[in-house]
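Colleague: I am new to this protein. Please pick one part of it and walk me through that part closely.

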Amino acid sequence: MPLETSSRIVQALARRGYNAEREAVTLIAESATPDLALEAAIETAPEDALVLTADHVREAVESDPLPDPEQVADATPPAASANSGSPPSTNDAPPSNPSVSTGTAGRKSKQDAGAVPDETGGYPAGDRSPQQPVVANDMTGESTGTGAYDEFVGVFRDRYERLSGQLRGRVNHRPADSIEAMGGGADVEMIGLVNDIRSTASGHWLIELEDTTGTFPCLVMKDRDIADLVDELLMDECIAVSGTLADDAGIVFVDAIHFPDVPRTYRPSTADRHVQAALISDVHVGSQEFLADAWSRFADWLHTEDAESVEYLLIAGDMVEGVGVYPNQDEELDIIDIYDQYETFSEHLKEVPGDMEIVMIPGNHDAVRLAEPQPGFDEELREIMSAHDPQIVSNPAMVDVEGVSILMYHGVSLDEVIAELPEEKASYDDPHKAMYQLLKKRHVAPQFGGKTRVAPEERDYLVIDEVPDVFHTGHVHKLGWGKYHNVLAVNSGCWQAQTDFQKSVNIDPDVAHAPILDLDTLDMTVRKFV
Ligand code: D5M
Ligand code: FE
Ligand code: ZN
């Protein structure tokens with residue numbers, strides 16, 4: 001394989017056990033005969049060197065003069081692959097700053113990537129100049145939880161404090177233990193986590209709310225309009241009620257239910273130039289159903305002029321199929337070793353232009369703990385995926401891309417929202433509506449102890465403190481998007497054809513679609529690569 005691209009050089013070095021400085025890769029890529037330069041540099045580097053430096057390359061080139069680039073220029077034209085939208089003219093300057101880092105020198109902005117050979121050996125159609133996205137709440141490496149009981153108490157206390165803080169401006173909260181002391185008939189408002197929801201013998205709803213002082217029963221009459229909202233409630237979410245205390249002060253008759261919610265007047269921020277992001281998820285490399293051809297069509301498209309504004313690729317979990325995720329899953333595995341799955345995923349990622357910024361979070365099929373928040377991949381997996389220098393962060397993560405805040409969350413709780421809520425409020429066909437519920441509850445996984453596993457940490461990382469401009473999830477393998485109080489919710493479909501399990505439960509996945517988001521307008525178009 002010719003070594004004309006930086007990523008291939010990085011790969012070739014990695015196979016020989018070397019990491020490399022970015023500049024070393026540049027020097028090799030720029031040389032007239034990269035293969036020879038690479039061999040010579042390896043010869044020159046000391047046996048025990050782990051990192052191939054620019055000095056090694058210079059030394060090698062000086063001690064063993066390589067052919068003059070001028071003389072061999074014709075033999076090594078910048079290979080314009082079939083994927084490349086518009087090959088550069090022969091007058092173009094030689095590549096000077098390969099956009100693939102080796103992961104040894106920390107992450108670098110690809111802002112000055114310039115027109116460099118891309119991963120397929122072609123040239124990107126335009127000059128991408130992405131900024132490095134800034135992640136606000138990455139908890140990778142910050143995990144403190146051991147699973148002890150008092151840690152669960154602590155995380156729920158934090159949830160209550162932060163979400164009740166969002167409601168306090170709207171209601172005059174009375175603690176549970178002081179409501180009992182109030183006189184019957186008094187107006188009362190209380191903020192609490194939903195501790196229990198029961199229907200009474202006469203069909204009314206009894207909701208028990210819990211705050212830091214205790215619990216209090218709240219009754220929603222079945223014939224009130226607000227009874228509809230009871231359908232939306234999940235255990236452990238934070239709500240407020242306004243109502244009247246019964247004569248014996250033993251129960252609140254509820255007149256209104258309030259959610260932390262997103263203000264209707266919310267105005268999202270936008271990028272100040274025309275730039276786009278591709279929002280995808282659920283690649284499932286390693287599954288027999290992974291759609292490699294469709295993925296290549298997507299990656300090829302990213303190399304065309306049409307996609308020159310697509311400077312960011314956000315991947316919301318399930319990079320690989322994993323092992324042992326579901327019973328009998330192994331029968332549908334194409335690659336049985338989890339590390340091999342990530343190696344292959346990394347190869348597919350290299351098909352994506354090297355000058356795009358990639359952000360990824362894990363999902364329930366990935367090789368990190370299942371309980372949320374899930375930390376970003378460990379060093380070994382990062383190393384495997386290092387060629388493209390992706391930004392690997394926790395699930396969930398709040399990612400600022402050119403001023404647009406994008407909440408990335410894999411989406412396991414969507415199964416729960418869809419199972420618990422009526423069809424018209426959340427369904428697999430309209431996954432974005434289930435996402436609206438999470439925005440309304442300002443929590444990505446409200447219900448504890450069901451499908452979603454929650455790890456106790458010092459704080460509840462699953463609370464949505466700041467309203468995002470865009471909410472990006474995956475997991476349910478269905479494409480759907482829409483706006484909730486001006487926040488764009490996008491569920492991004494998948495790159496895995498229907499599995500036997502999905503067939504058995506009638507899940508018809510939306511495969512090989514790439515939602516493309518205009519960061520300057522927050523308009524979205526969906527590209528199909530089926
Ligand atoms: O999830 C893909 C979707 O399919 C998601 O809605 C869960 C559901 N799913 C898939 N397999 C199973 C099994 N075996 N049990 C329950 N639910 C399942 P993904 O995370 O990609 O597997
Ligand atoms: Fe998935
Ligand atoms: Zn998933």
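Modeller: Let's start from Phe345, which touches Val283, Val285, Ile315, Met319, Val320, Met360 and Met385, leaving aside residues up to four places away in sequence; touching, or contact, means heavy atoms within 4.5 Å. This is a predicted model, in which local features need pLDDT of at least 70 and side-chain atom pairs count only at pLDDT 80 or more, while totals for chains, interfaces and linings use all residues. Residues are numbered from 1 along each chain as its sequence is written, chains are lettered from A and ligands numbered from 1 in the order written, and side-chain values use heavy atoms, without hydrogens or water.

Phe345 sits in helix 10 (338-349), and helices (H or I, at least four residues) and strands (E, at least two) are DSSP runs numbered from the N terminus. Helix 10 has 12 residues, which at 1.5 Å a residue should span 16 Å, and its end C-alpha atoms are indeed 16 Å apart; the expected span is 1.5 Å times one less than the number of residues. Its buried residues are Ile338, Gln341, Tyr342, Phe345, Ser346, His348 and Leu349, where buried means under 20% relative accessible area with a 1.4 Å probe, protein chains only. They lie on the same side of helix 10, because they cover an arc of only 160° around the axis, taken from the directions to the C-beta atoms. The cover over them includes helix 9, strand 10, strand 11 and helix 11.

Phe345 also belongs to the largest nonpolar core, which has 38 residues. Such a core is a set of buried Ala, Val, Leu, Ile, Met, Phe, Trp, Tyr and Cys residues joined through side-chain atoms within 4.5 Å. Along with Phe345, the residues touching the most other members are Trp295, Phe298, Leu313, Ile315, Met360 and Trp495. Among the elements giving two or more residues to this core are strand 9 (276-280), helix 10 and strand 18 (513-518), and helix 9 gives the most, with 6. A second, separate core of 28 residues includes Leu234, Met398, Ala434 and Val487.

Just before helix 10 comes a metal site. The loop between strand 10 (310-316) and helix 10 holds Asp318, which bridges the zinc ion (ligand 3) and the iron ion (ligand 2), 3.2 Å apart. The zinc ion (ligand 3) is coordinated by Asp318, Asn364, His410 and His475 at 2.1 to 2.3 Å; donors are N, O and S atoms within 2.8 Å of the metal (3.2 Å for Na, K and Ca), and with water not among the atoms, sites may look incomplete. Asn364 is in the loop between strand 11 (357-361) and helix 11 (379-384), so Asp318 and Asn364 tie together parts 46 residues apart in sequence. Both Asp318 and Asn364 are buried.

Notes. Buried means under 20% relative accessible area, exposed over 50%, partly exposed in between (1.4 Å probe, protein chains only).
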